[in-house]
Structure formats: C-alpha cells, structure tokens
Amino acid sequence: MGLCCGGDRVIRHSVDDVLHPSESQPLKFDPDFKGPLSKRSCTDIPCLFLFFAFLVCWGGVAYYAFLKGDLDRLLVPTDSAGLKCGVDSVVQHEPYLVFFDISECAKYDVPLYGCKTPQVCVSQCPAEEFTFLAEMCNANSLETIRSKLICDRLVQKDQLNCNDIQTHIDRGRCAKYYLKSVPFAKRCISNLPDTECPYIPSRVLKQYQLTPVPSARSEVTNVGQNSTRSGKQLSAAIRQDCANQRRLGRQLLVERMTKLQSYFARYVDNVLSQVTNDTRVHQTGQMVVEDILETWRLVIVILVASLLVSLIFITMLRWIAKPMVWISILGVIAALCYGVYYSYDQYQYISKHPVENHVNVSPNLSSLIQSWFKSDQTWLWILIILAIILVVLLLVILVLRKRIVIAIALVKEGSKAVSAIFSTVFFPVIPWALHILVIVFAVTVGLYLASIGDPLHRVYGLNTSVSCVCENGYKDGDVCSPTTFNEFCHNTAMRGDRAARCMDAACHFQEINSPTEVGYFHAINVVGFFWGICFISAFGEMVLAFTFATWYWTFRKKDLRFFVLTTGFLRTLCYHLGTLAFGSLIIAICKIIRAVLEYIDHKLRKYDNGVVKAVLCLCKCCFWCLESFLKFLNTNAYIMCAIHGKNFCSSAKDAFSLLARNVLRVIALDKVTGFLFFLSKLLLACGMAAVTYSIFDSGITKQLHYPFVPAILVFVGTYVIASVFFSVYSVAVDTLFLCFLEDCERNDGTPEKPYYMSKSLMKILGKKQKFVAAR
C-alpha cells in the first residue's frame, strides 16, 4: 500500500482518458456525485500510523524528561558577577537574589536585556525596609547601617565609614535602598515600598475628595533664608510629609491594586517614559492602571457586544460586500488620481521657482527630508511611480472586473453559509484550546529536558588571584565541587581565619552536562511542537471545509441536516487523520527548516560576512515562498479530501488542476477577500473603539485620567475577536469557491445535471437552470 493511496476506492478511467491523459481537462459529470461522500474509507493510513508512532515516542520523551529533569536547576538565579546563587562555591550558602533597584525590573525591555541594576546573592530576603539617606548616617548609627547594608561580595562592610558607604552607593556596589520582600523563584520581590514619597496631583485629590496635607517641602526650600529649624528637625518634617503623601497614595492605590498591578503600573510608567523620552511622567503609569481597573468590567461588556456586532456584520456582508469593495476600489483610484495631480502641480511650481524653493541642507533629518520635497526631481519620481501604479490598477480592474464580481458573489455566499450553520463561528475555540495545550506541553518538556544531567563546575580565577590558595591542588579549569573548594581553598589575606572564603576565585557552575540522547530528545520535541500545531490547524480547516461543502452541494438548503458540523467532525476524525498528518508534516518540515535558517543567521551575525548574509536571506525568502504555496495547496487539498474522500496526493492534484484552469478567478478571489476581510476587521475595531471613547469621555461614567486607554483595549480585543470569526469566513469562501468551480465544470443546468450555485452566480455567468427548480 503506497503512502498516498492508503484505503482509497478504485477510480475507473475511460479509454479516452488512458489514451489522451491531461491534467487540465475539465471535470466530467458523475451521476453518483451528490456532494461530500457519506460512504468513504480511511486515507493515508501509513501516515496515520507514523503520526501515532511519533506521538508515542513524544510521550516517552516527556515521561523521561519529567522523571529525570529538575526545573530548580534552571531557576537558579545569577548575580551581576555571573555567580549562581546557592550553587557556586562563593555563594553556596546564599540562595536568594536581591535587586538593588527593583523598579529597573519593570522596564519594557526586561525580557530582552534583563534588569539593568546590580544584583547580589543573599542568605535571606530583606525582612525590613532600608534607605541610606533616611538613616542619617553618623558615628552613632554607623554600626547599625553596616549591618543593614547589602553590597557586592567584594565590599568589606565592617571597614566602611559614612563617606565610603556613599561612594560605594554612587558606584553601584551597595544598595541605596531596599524594600521588605518575599522570595519568588529564589528572587526577592518587594512589597509596596514604605519609603517612597509619591506625588498626588491636586486634581486627583479633588476627584477622590481627599483632604490635602500641609507640605514640609517649602521649609526645605527656605532653609537658607528664614528657617531656624535644625537639619534633624527638617529631616523629620520631610519624613512626616512623605508619610502623609503615602497615606493618601495608599488610599488611591493600595486598596485598588494588588502587588502585581503595582508592578504593572511601574511597567507602564517605564514604557511611557521611554516612548515620550520624558522621565517626569512618574504618575502616568499608575493613572493608566487605575483607569484599567476602573473600566475593565465595562470593557468586557463592550467586547461581548463586539462579538455580537461581528456576528451581525458577517450576516450583513451578503448585502454590503459589493458596495464596500467597489467604494474601496474607487477610493484607491481617486487617491491615486489626486496624488498624480498634486505631484504634477508641485513639479511644475518648483520647476518655475527654483530659487524660491531652495533649502540649505543642515545635518538634522527633518531639514534633509524638507530639502527632498523642495526638489523638482523628487516630485517627478513620485509622479512617475503613482502614475504607473494607477495605470496598472486600472488595467487589472478592467481585465478582472468580471472575476471581481464573481468574488463578491462568493463572499455573499460565504455569509449565507456561515449564517445557515452558525455553530461554525464558535468552532475555532476547540483548535485554539488544543494549540495552547500543545504549546504548553512542548515548552514544559523542553524545559525539563534542558535540566537533565549533572551540574558541571570548573575552577576559575586561581591564575589571577593573589590571595586564594587551594591545598588539594586545584588549578584553573579543573572540574570541581563547590563543597570541596570551600573546604580546601582559603583566602590567605584573612590571616588567622582558616574558614575565610576566596573572593577572587571560585568553583563556578558552567553548564548542565546532559547525556547524548537528550539532544535527540530535544529534536523530537521540536518536531512534535511544529507537527502538532500544524496538525490541529489542518483538522479545523477540514472540519469546516466538510461543513460548508455539504451546505453548497445540498440542492434544497432547507433540507440541510442540523448536525452537519458534528458529522464533519466525526468523519474527519474517523477517516482522514492520516491525510491531515501527511499535509501537516510537509508544512512542519518547512517551518523547521525556516527556524534552523533563523538560528544559523543569529549565530553568524557576529562574523558580519556579506556573502553569507545574502545567501541566508535568499534561502529564507525561498522557503517562505515555498511554505506559503504549500499552505495554499494544503488548504485546497483538505477541501477536496472533505468532498471526495481521496488521499492527500490525489486531492492536492485535483485541487491544483482545478485552480490552474481558473487562475484569474483565483487571483481575483484571493485579493478581493483578503482586502475585504482586512477592511471589515479594521472597521469593526475602529467603530467599537470610537464608541468606547465616546462613552468614557462623555461623562456618563466616572471621570478617567485617559479615556483613550479603554478605547485602545477595546480596539485590540475587537480586532482579535473579528479575526477569529473571519478565519471561519475565509475557509467558507475558499470551500465554496472550489465547489463553485467544480459545479461549473460538472453540470449544465439540465434536470439530470442541475447547477447547485445560487441564482446570483448563475446570472453573473450567464447561466440558468433549464427546468423549474424549487430551491
């Protein structure tokens, strides 16, 4: 049994087909064909066995990973010096990581570059808050401050005075403050700070009817003028002022935000600071988060309304698709015509007034761009480009005008099909849930596999150390054990203290020494990830294709079975998993090759070789094109398989031949539907966002700091919801298109071979039923 012919029925060919084979011949009438076959057999059985065998192997890899792996090895924090807390010899008894400035970990680029603040290992997380400036360092408090300091391991805290401490803080070797914190994944995460001095705008005080407190800041400003209070008294006043501000701030924030939300506020705050290049927007992040907390319930209600509006919009597309497409096309033509006119006008004016439009080019970018648009040559090039685009667009519309009309009609038919089988709109929830399951499973298995093996430690720093001596003969680069290193290696600079640890040499964790087979298991996990994702997507496409094909090939639509979606689900599950496994494996291989090329490109960037970059860029472009073509072919192969029950290769061949005979219609349909769906999603998202902004800006609800914040959330959410629904719509249009092409070739409108297409499609093509048909 061949790979592409497992379980298919035998297809009989006529003598003429054998003597004159041609892949481009139109389909012939089949009296037994009444739509998607009910009696079918399993397809591509060898691929199904291969897929099941792979799943068993993947499950075995997962079992091995969960049995042998230990995620704690991957979650071990690393300090600024590259030492593994609780693992390396120097910090073997200090398993927790402290950040000198935890607010740096809330910046937008943390996932890329990490927390840009010094980090040190400690034996336990801080149990209290500390701020060096608030402690008023002097001879009496110096010893207490030393005991509270958190510094780099090379700093000898017991030898510092107040000036030394300030110097180390300025150099980033000691923390100027830290907060009471709790361990999370062995990182010390702070609670809300008790020593911050928040700024509460007067507008916010009025909005929440809070009583402002007297400020001591004016006394600090006038300390050199008319104040007779001592520095200690002023410090106490400032602390009291900050305490009052914190009290008001906590009324606004602590009662309304959890610690996670406060961290989110810091994140938003840093993003805004980066975008606006203004570090004074300290309260903006908290205001944004407060607006989100105030409006999230109503935002969810609006998103539910967006869901209903999307459903109604899809139903209405049968009436508004035609005007939307033609108005959009005319709008683009009008915009291009105006662009050509304006470019010609500017070219003529600058050509006649060259001195008046002369601009001295300065080094900044804005002046350079201004000089470009004061040049007649720039406007000439713009005129030529816009004119070429306009002419090409007009010619394309002229040639494809009838195909565009057919595409619009098929969009209307898709709306009818989705409306008739409304359960298909919610079917994507199942593939989405399965996608999430596959992603979580693959990532978890990958993490556990990465943690398998024995930790490998090596000695480093002994060659450059002047004080560390190892009595057991350790040398730089030797494999070591942290416990053995601490036992036999000592710091000779600390005379009389045999237990003194080496500070400039250590037994350092290098990597997890994984067995050889783990590399192969990683490869299996990667293949499983891509294959699983592609398989689930293919399954969803075939179920929907069967459903919409059944709707098309049902002559009297009122006779359509109620559980047609369930029937498609069960038939796909029972008969065509092998076909799905075959098609999804092809796409998965393309994706893996593209991922490998991206990895190679990432690794070779440091060599900066132009030839290598060009070759890799060409390869990536070629495989992207190949993957796009295969996705298109696979989708249509699944549709043909859902209709005729053939294996993958036969279905792909039939689909390709059918599309090749109607290539202009394919181009028109693809561009029209793509443009229409994008325009529809954008229209829905912008409309719901505008309604949201109007609601929150009109005073109907509680006044917000930024009414556009919930509007942005609604825009993103509506666009995602609309994309889910229109993915179903896209499959519907693709399926109906193939059915329409097959209907045109198989039938002629006679009672024996009636057309199954709608009357509007028959009218466009100039066809009609040659008998009175009750639809």
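**Disulfides, ring pairs and a surface patch**

A disulfide joins C151 to C174, with 2.0 Å from S to S. The torsion about the S-S bond is 110°, which makes the link of C151 and C174 right-handed. C151 sits in the loop between α4 and α5, while C174 sits in the loop between α5 and β4 (177-178), so the pair ties together parts that are 23 residues apart in sequence. Both ends of this link are tucked away: C151 is buried at a relative accessible area of 11%, and C174 is buried at 2%. All of this is read from a predicted model.

The count for the structure comes to seven disulfides. Another of them is formed by C125 and C188, whose sulfur atoms lie 2.1 Å apart. Here the torsion about the S-S bond is about -85°, so the disulfide of C125 and C188 is left-handed. As for where the two cysteines come from, C125 belongs to the loop between β2 (119-122) and β3 (130-131) and C188 to strand β6 (residues 187-190), so this pair ties together parts that are 63 residues apart in sequence. C125 and C188 are both buried.

C137 and C162 also form a disulfide, with their sulfur atoms 2.0 Å apart. With a torsion of about -80° about the S-S bond, the disulfide of C137 and C162 is left-handed. C137 is in the loop between β3 and α4 (142-148) and C162 is in helix α5 (residues 162-170), so parts that are 25 residues apart in sequence are tied together by the pair. C137 is partly exposed, because its relative accessible area is 22% and buried means under 20%. Two further cysteines can be placed on the same scale: C337 counts as partly exposed at 37% relative accessibility, whereas C744 is buried, with a relative accessible area of 18%.

Turning to the aromatic side chains, a search of the whole structure finds 26 aromatic pairs. In one of them, the rings of F54 and W531 have centres 5.3 Å apart and planes at 45°, so the pair is tilted. F54 is part of helix α2 (residues 45-68) and W531 is part of helix α15 (residues 516-552), so this pair ties together parts that are 477 residues apart in sequence. F54 counts as buried at 15% relative accessibility, and W531 counts as buried at 4%. Y64 and F521 make another pair: their ring centres are 5.2 Å apart and their planes stand at 65°, so the pair is edge-to-face. Y64 lies in helix α2 and F521 in helix α15, so the pair ties together parts that are 457 residues apart in sequence. F54 and W531 also belong to a wider group, as ring pairs link F51, F52, F54, W58, F441, W531 and F535 into a cluster.

On the surface, W381, I384, I385, I388, I389, V392 and V396 form a nonpolar patch. Together these residues have about 650 Å² of accessible area. One member of the patch, V392, lies in helix α12 (residues 376-420). V392 is partly exposed, with a relative accessible area of 45%.

The backbone has a point to check at D44. Most residues other than glycine have a negative phi. D44 is not a glycine, yet it has a positive phi of about 50°. D44 is found in the loop between α1 (15-19) and α2. D44 is also buried, with a relative accessible area of 0%.

Finally, some totals for the chain. Its secondary structure comes to 22 helices and eleven strands. Of the 775 residues in the chain, 43% are buried. Among contacts between residues at least 6 apart in sequence, 73% join residues at least 24 apart. The accessible surface of the chain comes to about 42,100 Å², and 63% of that surface belongs to carbon and sulfur atoms.

Methods
Residues are numbered from 1 along each chain as its sequence is written. This is a predicted model: local features need pLDDT of at least 70, side-chain atom pairs count only at pLDDT 80 or more; totals for chains, interfaces and linings use all residues. Side-chain values use heavy atoms; hydrogens and water are left out. A disulfide is a pair of cysteine sulfur atoms within 2.5 Å. Helices (H or I, at least four residues) and strands (E, at least two) are DSSP runs, numbered from the N terminus. Buried means under 20% relative accessible area, exposed over 50%, partly exposed in between (1.4 Å probe, protein chains only). Rings of Phe, Tyr and Trp (its six-membered ring) pair if their centres lie within 6.5 Å; planes under 30 degrees apart count as stacked, over 60 as edge-to-face and the rest as tilted. Patches are made of residues with over 30% relative accessible area and no salt bridge: like charges are joined within 9 Å, nonpolar side chains (Val, Leu, Ile, Met, Phe, Trp, Tyr) within 5 Å. Accessible areas come from the Shrake-Rupley method with a 1.4 Å probe; for residues, only the protein chains shown count as cover. A salt bridge is a side-chain nitrogen of Lys or Arg within 4 Å of a carboxyl oxygen of Asp or Glu. Contact means heavy atoms within 4.5 Å.
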